[in-house]
Amino acid sequence: MTGKGIRIEGLRKRYGSGDTAVDALKGVDMQVAPGEVIGLVGPSGSGKSTLLKCLGAVIEPSGGRMILGDEVIYDDGWKVNDLRALRRDKIGFIFQAPYLIPFLDVTDNVALLPMLAGIPNAEARSRAVELFKSLDVEHRAKAMPSQLSGGEQQRVAIARGLVNRPPVILADEPTAPLDSERALAVIRILNDMARKLETAIIVVTHDEKIIPTFKRIYHIRDGVTYEEAGEGRGVE
Amino acid sequence: MISLAGRDIMHAWGKFVFTGVGLGLLIGITLSMAGIYRGMVDDAKVLLDNSGADLWVVQKDTLGPYAESSSIYDDTWRSIRSMPGVARAANVTYLTMQVRQGERDVRAMVTGIMADEPGAPGWPPYLVAGRQITRGHYEAVADLASGFKLGDRLQIRRNHYTVVGLTRRMVSSGGDPMVFIPLKDAQEAQFLKDNDAIRQQRRRTAENPAFNRPQVPDLLAAIIASQSINPYVNAVLVQIDSGHAAEKVAASIRRWKRLTVYTRAQMEAILIGKLIATSARQIAMFLVILSIVSAAIVAFIIYTLTLGKIREIAVLKLIGTKNRTIIGLIMQQSIALGLIGFVVGKITATLLMAPIFPKYVLLEPMDSIIGFIAVVVICILASIIAIHAVLKVDPAEAIGG
């Protein structure tokens, strides 16, 4: 894999120490290519959230390697100084709930990220509006989050995850609150955007409706991942 | 970069403004308390300014005539008047009492002034209506704050007085309006007894063999006559000739008359440092308590507002927002709350509270500036608890599980 995408090798995470230590991740290997959308599934307590937090540079792993694009970001220790900047510029997040900032309108919710990166307000907003066209929420650009439907909010949240054009996007159960039709619509959008922006997308889910859409699936159980070919039906 | 604090305030401006108004009422009370203290100090200074005196000659070793009682003979002023450096000297009496007018009575400081001309020590320096006292008895000049009008009939002890003039800002150090009457009437009012008491005093004197000697027939009459007059005043007010130092003239009076003499600065120190000191300390304590309460309220409000945004703050942190941006959000909101509170407080204190307080409330610009700085500092300090809470928010909270 070159350019974008993410690769992790032997990633470990231990909580606590001594007799009470818990190994949440016991050497996870994973690779996601640019433009690819993969599923990460597993039962509750299997280590999904821990893996996501490690990938998102929110918690520090206990060992292993993480390579983001061409850059080694973790190798038995962080290799980047500013984790906030790493999260802001190179990792996109899509949450289970949209978690839009209620006091910012839709455009500024999305434009906030490039603004935080120092991009001028006008340019940041034009980037947001450009994404809205692709996500079909252009007409809601000036609305407040509370005025949007659940599906619209989630699409705006996807736009926020994409706006800084990160090499990887971590989506934590993005379809959980949605019905089948809307859930599949979100997956369709993620696939489209992954291809368009050459972004690697990892979707954590146990939503039976969307699991058959992935071409590759990582199962995680007791801190270990197993790769499996998915049905890869895609979404019409 | 957009202003997150401004957007948040505008998003819920009703709640924010309502909270600011509540805080403003508290700040208004705080400013009013400061204004009351300033008013007390100003009342004291006005009392001294309006007396027209450079020196106060009082009974030896007393802090009279305002802070303690003082009695000196009413002919002392003549010898003081003749001393070098003295331009004018005049007797004065002060008696705080209830002055009746019809069915109502007003607490006032009744001031006895010698027959003289406007500008004499003790006289009201200016009138807003009517004329000065021109007769030796039963005329009065009253301060507007007393509520009396020209032509009103006042009762002081057993005598009635007609209000012939009105003045303004002539008040005692306690804020009571002054009523000026002729000195002889005021002396009588200070010592006047009722008829039964006078009869009893005369009987007791007559029954005393030392005063009622058969071989000295006029002695009893002379003693009774001396008991029915009051030869005392509370102080002699002195104006100094230009070119003479007040302290030198005061030293001369102290030496030759064996009386206590206060200069303007000394009298101001007595009034402010002793007479209103307890009230001032009480007000200072109120100010401290109100400031602490204001800080606690701001801290609580900001903390509550912040707790309501924990999830959003976790998201902001996760997507790479710097701590200083989030701290700025909270601190700006805290300061904005303080600004709203200060504006409302200032308006409340100036337009609503000051006019209805019975005491004079003096709101000085410098106090407002100090109050404004204090509010901003309090708001910054009060936001620290919320900032502490925000810094502890884990961005991982935005990720489920």
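Which strands does helix α5 of chain A lie across? The views below come from a predicted model, and the opening one takes up that question.

**View 1. Helix α5 rests over two strands of chain A.** Here you're looking at α5(A), residues 150-162, which lies across β6 and β7 of chain A. Strand β7 covers residues 168-172. If you compare directions, α5(A) runs at about 170° to β6(A).

**View 2. Six strands of chain A line up in an open sheet.** Read across the sheet and you get the order β6-β7-β8-β3-β9-β10, with mixed pairing. What holds neighbours like these together? Strands of a sheet pair through backbone hydrogen bonds, either parallel or antiparallel. The edge strands are β6 (91-94) and β10 (224-229) of chain A, and each of them pairs on one side only. Look along the sheet and you'll find that neighbouring strands are turned by 20° against each other on average, ignoring direction.

**View 3. Strand β3 of chain A is tucked inside.** Why can we call β3(A), residues 37-41, largely enclosed by the rest of the structure? Five of its five residues are buried, so that description fits. Both faces are covered: A:V37, A:G39 and A:V41 sit on one side, A:I38 and A:L40 sit on the other, and all are buried.

**View 4. Strand β3 of chain A pairs with β8(A) and with β9(A).** With β8(A), residues 200-204, the pairing is parallel and uses four bridges. One pair to pick out is A:L40 with its bridge partner A:V204 in β8(A). With β9(A), the pairing is again in the parallel sense, over three bridges. This time, try finding A:V41, whose bridge partner in β9(A) is A:H219.

**View 5. Strands β9 and β10 of chain A run antiparallel.** Six bridges join β9(A), residues 216-221, to β10(A). To get your bearings, start at A:I217 and hop over to its bridge partner in β10(A), A:E228.

**View 6. Helices α3 and α4 of chain A pack at an angle.** Helix α3 (residues 106-116) and helix α4 (residues 121-135) of chain A pack at about 125°, and their axes are 8 Å apart. That angle makes α3(A) oblique to α4(A). The crossing of α3(A) past α4(A) is right-handed. On the α3(A) side, the residues that meet α4(A) include A:V110, A:A111 and A:M115. Their counterparts in α4(A) include A:A124, A:R125, A:A128 and A:L131. Sorted by class, this contact has eight nonpolar, two polar and two charged residues.

Methods. Residues numbered from 1 in each chain as written. Chains lettered and ligands numbered in written order. Predicted model: local features only at pLDDT ≥ 70, side-chain atom pairs only at ≥ 80, totals over all residues. Axes fitted to C-alpha atoms, helices over the stretch in contact; angles between N-to-C directions. Parallel < 35°, antiparallel > 145°, perpendicular 65-115°, else oblique. Left-handed = near helix turned anticlockwise from the far one by under 90°. Contact = placed C-beta atoms within 7 Å. Nonpolar A, V, L, I, M, F, W, Y, C, P; charged D, E, K, R; others polar. Pairing = 2+ DSSP bridges. Buried ≥ 20, exposed ≤ 12 C-beta atoms within 10 Å, placed from the backbone.
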